[in-house]
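Reader: Please take me through the terms used to describe this protein, and show how each one is justified.

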Amino acid sequence: MRPLIRTARCCLSARVRAMATLPMAPAATAISSSSSPTSPLSTSSLPHRLLLARFLPATPAPAGTRGLRTSAAAAASAVEVGGVNIAREDVVKEDDPTNNVPDTIFSKIGLQLHRRDNHPLGILKNTIYDYFDKNFAGEFDKFDDLCPLVSVKQNFDDVLVPDDHVSRSYNDTYYVDGQTVLRCHTSAHQAELLRDGRTHFLVTGDVYRRDSIDSTHYPVFHQMEGFRVFSPDDWSGSGMDGTAYAAAELKKTLEGLARHLFGAVEMRWVDTYFPFTNPSFELEIYFQDDWLEVLGCGVTEQEILKRNGRTDHVAWAFGLGLERLAMVLFDIPDIRLFWSNDQRFTSQFSEGKLGVKFKPFSKFPPCYKDMSFWINDAFTENNLCEIVRGIAGDLVEEVKLIDNFTNKKGMTSHCYRIAYRSMERSLTDEEINDLQWNVREAVKSKLKVELR
Ligand code: PHE
């Protein structure tokens with residue numbers, strides 16, 4: 001399995017992504033960066049892995065690439081989440097250059113897969129709840145219905161994400177307008193819950209990130225955030241300072257959680273970086289012959305506690321990606337399956353049964369189509385993927401850069417291979433040719449690239 005933080009698959013740009021909770025090893029940008037793995041259960045700061053463009057200045061999407069959207073129709077014109085009514089026109093604003101939410105994304109809002117008790121994500125959420133109920137009876141408040149539309153302030157400023165952090169860019173985040181986004185992590189709710197007087201909480205929700213396409217990446221996925229505040233009384237007798245105490249408590253709690261989910265596994269802690277925690281760590285477990293990134297966590301920055309009524313306290317926080325763990329625990333080979341309504345998928349899972357192995361109902365053949373074009377300065381892989389997904393929906397399995405060269409005149413050509421495959425049926429040649437034709441036309445007109 002790929003490590004969480006890595007260079008983009010294509011060596012093309014050295015973009016790395018890292019909010020620790022992404023479904024699998026991520027492709028685009030996020031909020032952490034990490035140092036090298038270390039020996040089991042120790043932290044260290046060996047020479048760091050590549051941290052490149054996540055820390056480059058954010059660039060607004062060029063006109064013409066903003067608000068890319070296609071014909072895929074939204075399922076409903078309004079949905080309700082946590083008592084908030086969200087209409088399509090509140091979220092998809094085709095003529096607003098500060099909006100980049102396509103219908104394919106709107107159609108996912110309100111589905112809340114994590115609230116279905118017979119769905120792998122719901123089963124996993126409930127199993128994590130069980131762990132906290134057993135070990136901290138009644139202490140943690142649980143939220144799984146908070147509205148995914150949040151302010152830029154909640155999503156970024158409140159958790160100290162720097163102004164020039166790449167996760168703020170239009171290329172990485174879905175903006176409803178200049179002040180509102182679809183949350184890209186559940187950390188967006190930390191500050192408001194603290195202000196509300198909460199000291200122990202778990203927040204589960206759907207999160208949204210513009211991204212490339214493969215079997216482990218989908219622009220909507222699910223996270224769980226954990227947060228616990230300590231007061232000076234908690235650590236005064238421990239012989240440790242508040243930060244060391246919170247870090248020790250955090251590691252103990254999360255090692256217990258990992259054992260609850262995976263059994264007696266080998267684990268290791270890896271130092272990393274998040275804007276909202278210091279120190280910051282990732283937990284990895286040795287599972288099926290590989291180190292698997294399980295979650296990101298750390299001791300909350302004092303500034304966050306101070307701003308929200310908890311001066312002199314300390315806290316720990318963690319965030320984990322539910323799909324990432326569920327794919328491993330249930331043997332689910334493709335992230336699109338979580339969205340499937342096919343009975344042959346849904347009927348395999350039932351409440352309370354973690355780790356039942358998914359049996360593929362059949363394997364349909366993929367069909368590959370290549371497409372080459374001269375890129376321009378505004379080109380990004382995320383914009384390309386948004387177009388392909390807008391046309392092919394969940395029939396697209398992967399979009400992969402297979403060739404990349406620059407000619408003597410300085411023009412750069414990319415060749416992408418698109419894999420089309422349904423999880424549920426065989427696709428006809430005609431259907432795929434139509435899709436590919438539409439993709440080519442849309443790529444030409446929306447990305448203004450020159451097809452070769
Ligand atoms: N928000 C981080 C992410 O999305 C995860 C995280 C949460 C890390 C809390 C540290 C503390 O990757």
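Author: The following exchange takes a predicted model and sets its computed values against the criteria behind each term.

Reader: What makes up the protein in terms of helices and strands, and how much of it is buried?

Author: The protein has 12 helices and 17 strands. Of its 452 residues, 58% are buried; a residue is given that label when its relative accessible area is under 20%. The protein exposes about 17,700 Å², and carbon and sulfur atoms supply 50% of that area.

Reader: Why is Gln112 called buried?

Author: Its relative accessible area is 9%, and the term applies under 20%, so Gln112 counts as buried. Gln112 belongs to the loop between α2 (103-106) and α3. Its phi is near 45°, a positive value in a residue other than glycine.

Reader: Why is Asp289 called exposed?

Author: Asp289 has a relative accessibility of 67%. The term exposed requires over 50%, so Asp289 meets it. This residue sits in the loop between β11 and β12, and its phi, near 65°, is likewise positive in a residue other than glycine.

Reader: What makes strand β11 mostly covered?

Author: Strand β11 spans residues 277-287, and eight of its 11 residues are buried. Pro279 lies in this strand, and the peptide bond that leads to Pro279 from Asn278 is cis, with omega near 0°.

Reader: How do you know that β11 pairs with β10 and with β12?

Author: Pairing requires at least two bridges between two strands. Strand β10 (residues 266-274) is joined to β11 by eight bridges, and β11 is joined to strand β12 (residues 290-300) by nine; both pairs therefore satisfy the criterion. The sense is antiparallel for β10 with β11 and for β11 with β12. Glu282 of β11 stands opposite Val270, and Glu282 also stands opposite Gly296 in β12. Two residues separate β10 from β11 in their hairpin. The hairpin of β11 and β12 also has two residues between the strands, and there Gln288 takes a positive phi near 50°.

Reader: Why are α3 and α9 called roughly perpendicular?

Author: The axes of helix α3 (residues 120-135) and helix α9 (residues 322-329) cross at roughly 100°. Angles of 65 to 115 degrees count as roughly perpendicular, so α3 is described in that way relative to α9. The two axes come within 10 Å.

Reader: Which residues make this contact, and how do they divide by character?

Author: On the side of α3 the contact is made by Leu121, Leu124 and Ile128, and on the side of α9 by Leu322, Glu323, Leu325, Ala326 and Leu329. These residues divide into seven nonpolar, no polar and one charged. Glu counts as charged, so Glu323 is the charged one.

Reader: What makes β15 and β17 edge strands?

Author: An open sheet of four strands has the order β15-β16-β14-β17, with antiparallel pairing. In this sheet β15 (396-406) and β17 (450-451) each have a single partner strand, so one side of each is left without a neighbour. The partner of β15 is strand β16 (residues 412-420), to which it is joined by nine bridges. Tyr416 in β16 is the bridge partner of Leu401, and Arg417 in β16 stands opposite Lys400. The hairpin of β15 and β16 has five residues between the strands, and Gly410 in its turn has a positive phi of about 90°.

Reader: Which helices pack on this four-stranded sheet?

Author: Helix α11 (residues 381-392) touches β14 (367-374), β15 and β16, and its direction makes about 145° with that of β15. Helix α12 (residues 429-447) touches β14, β16 and β17, and its direction makes about 20° with that of β14. Angles under 35 degrees count as roughly parallel, so α12 is roughly parallel to β14.

Reader: Why are β5 and β6 placed at the edges of their sheet?

Author: Three strands form an open sheet in the order β5-β7-β6, with antiparallel pairing. β5 (149-151) and β6 (175-177) each have a single partner strand, so one side of each lacks a neighbour in the sheet. The twist averages 35° from one strand to the next. Three bridges join β5 to strand β7 (residues 180-182), where Thr180 stands opposite Ser151.

Key. Residues numbered from 1 in each chain as written. Predicted model: local features only at pLDDT ≥ 70, side-chain atom pairs only at ≥ 80, totals over all residues. Heavy atoms only, no water. Buried < 20%, exposed > 50% of the residue type's maximum accessible area, 1.4 Å probe, protein only. Areas by Shrake-Rupley, 256 points an atom, 1.4 Å probe, with all protein chains shown as cover. Contact = heavy atoms within 4.5 Å. Axes fitted to C-alpha atoms, helices over the stretch in contact; angles between N-to-C directions. Parallel < 35°, antiparallel > 145°, perpendicular 65-115°, else oblique.
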